[in-house]
Amino acid sequence: RKEQQAKLAALPTLSSDGHQVELAGNIGSPGDVAAVLQHGGEGIGLFRTEFLYMGREELPSEEEQFQAYRSVLEQMGDRPVVVRTIDIGGDKELPCLKLPKEENPFLGFRAIRLCLETEEQALFRTQLRALLRAGVYGNLKIMFPMIATLDELRQAKAVLAQEKRKLEQAGIPAGAGIAVGMMVEIPAAAVMADLFAPEVDFFSIGTNDLIQYTMAADRMNSRVSYLYQPYNPAVLRLIKGVIEAAHSHGKWVGMCGEMAGNRAAIPLLLGLGLDEFSMSAPSILAARECIMQLSQAGMEELARKALSMGTAEEVIALLRQEAGRRT
Ligand code: PEP
Ligand code: MG
């Protein structure tokens, strides 16, 4: 069994009809990289950088961040590493910023909103400088969280370009050709994906938040968990639209929410055309095993059926039936 696992870890992720996708890992710190590699991760699809900021009195310096990002990139070699800029607020509090309490933190001053609006954008600029400098040491891709409007994306990209220019002017090496993408986790961005696509290098769908905002159901509230449903056709239609919009502009789409690592969801996501699946390290090998047994063309047919359904229950029944046929 161990030998089999090691073999599987070294294989590319190909469907039975030869369609290739990427399986990547989600990490929260440089110490998590080893497990992703061990489990056959082909990249990092989401590096949540909040760990650098949480549970401490002072903000991390540019140098401290640079070291952390560089460590992840060096451990990953040529493999792609998607680093998400800080996504605080909502469920992730940050004591060192002393932000006032909000009535609806999930709908409040968080993530990119805070990065663009805090004084002189110092927190954001420090992180971007650290990232640009680290970009010299590997295959870095920068991703912005919680983008709702084109203006936010354009502003974030402009700040990144300014910091890059400043580094160049100071003669400090910065990574060249770093891809820039965004999370699609707010329905507004999903609906407008055709207009976002030309302005990014990639999308990564954050289903954890996309589901809660689409269904207006708090991801932490068990009273409404019946609404918090990845298989609700409304969610599936948004995912489908995002992938189509990206592909029609020649861009790739990943998913870094929990749904990407869910065995039941993988056939459907493969059929919807998802290019990269990012999940916790222990889920990677099972996901590869699953995809190798699926035909992409067959899953496209499955996805078409699912998209025509009216309820999550019907979609779940369809997926069960399909899984039953395969075993
Ligand atoms: C998501 O929203 O799906 C996501 C990956 O981000 P987080 O869980 O960190 O909010
Ligand atoms: Mg999120």
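This tour goes from the ligand to the strands beside it and then into the nonpolar core. The model is predicted.

**Stop 1: the ligand**

Select ligand 1 and show what surrounds it. The shell consists of Leu46, Arg48, Asp87, Glu185, Gly206, Thr207, Asn208, Asp209, Cys256 and Gly257. Two elements, β3 (44-48) and α9 (207-215), give two or more residues each. The largest share, 3 residues, belongs to α9. Colour the shell by residue class: 2 are nonpolar, 4 polar and 4 charged.

**Stop 2: strand β3**

Stay with Leu46 and extend the selection to β3, residues 44-48. Is this strand enclosed by the rest of the structure? Look at burial: 4 of its 5 residues are buried, so β3 is largely enclosed.

Now add its partners. Strand β2 (residues 20-27) runs parallel to β3, joined by 3 bridges. Pick Asn26 to find the residue opposite Leu46 of β3. Next, select strand β4 (residues 80-84). β4 also pairs with β3 in the parallel sense, over 3 bridges. Here Phe47 has Val83 of β4 as its bridge partner.

Trace the chain between these two strands. Helix α3 (residues 62-76) joins β3 and β4 in a right-handed β-α-β unit.

**Stop 3: strands β7, β8 and β9**

Select β7 (residues 202-205) and β8 (residues 252-255). They are parallel and pair over 4 bridges. Ile205 stands opposite Met255 in β8.

Keep Met255 and add β9 (residues 276-279). β8 and β9 run parallel, with 2 bridges between them. The β9 partner of Met255 is Phe277. To get from β8 to β9, the chain passes through helix α11 (residues 266-272), and this β-α-β crossover is right-handed.

**Stop 4: Phe277 and the core**

Centre on Phe277. Leaving out residues up to four places away in sequence, Phe277 touches Val21, Leu23, Ala24, Met255, Ala260, Leu269 and Ala287.

Then widen the view to the largest nonpolar core, which has 96 residues. Which residues touch the most other members of this core? They are Ile44, Met182, Val184, Val242, Leu269 and Phe277. Finish on helix α10 (residues 233-248), which gives the most to the core, with 8 residues. In soluble globular proteins, nonpolar side chains tend to be buried together.

Key: Residues numbered from 1 in each chain as written. Chains lettered and ligands numbered in written order. Predicted model: local features only at pLDDT ≥ 70, side-chain atom pairs only at ≥ 80, totals over all residues. Near = placed C-beta within 6 Å. Nonpolar A, V, L, I, M, F, W, Y, C, P; charged D, E, K, R; others polar. Pairing = 2+ DSSP bridges. Right-handed = clockwise from strand over helix to strand, strands pointing away. Core = buried A, V, L, I, M, F, W, Y, C linked by C-beta atoms within 7 Å. Buried ≥ 20, exposed ≤ 12 C-beta atoms within 10 Å, placed from the backbone. Contact = placed C-beta atoms within 7 Å.
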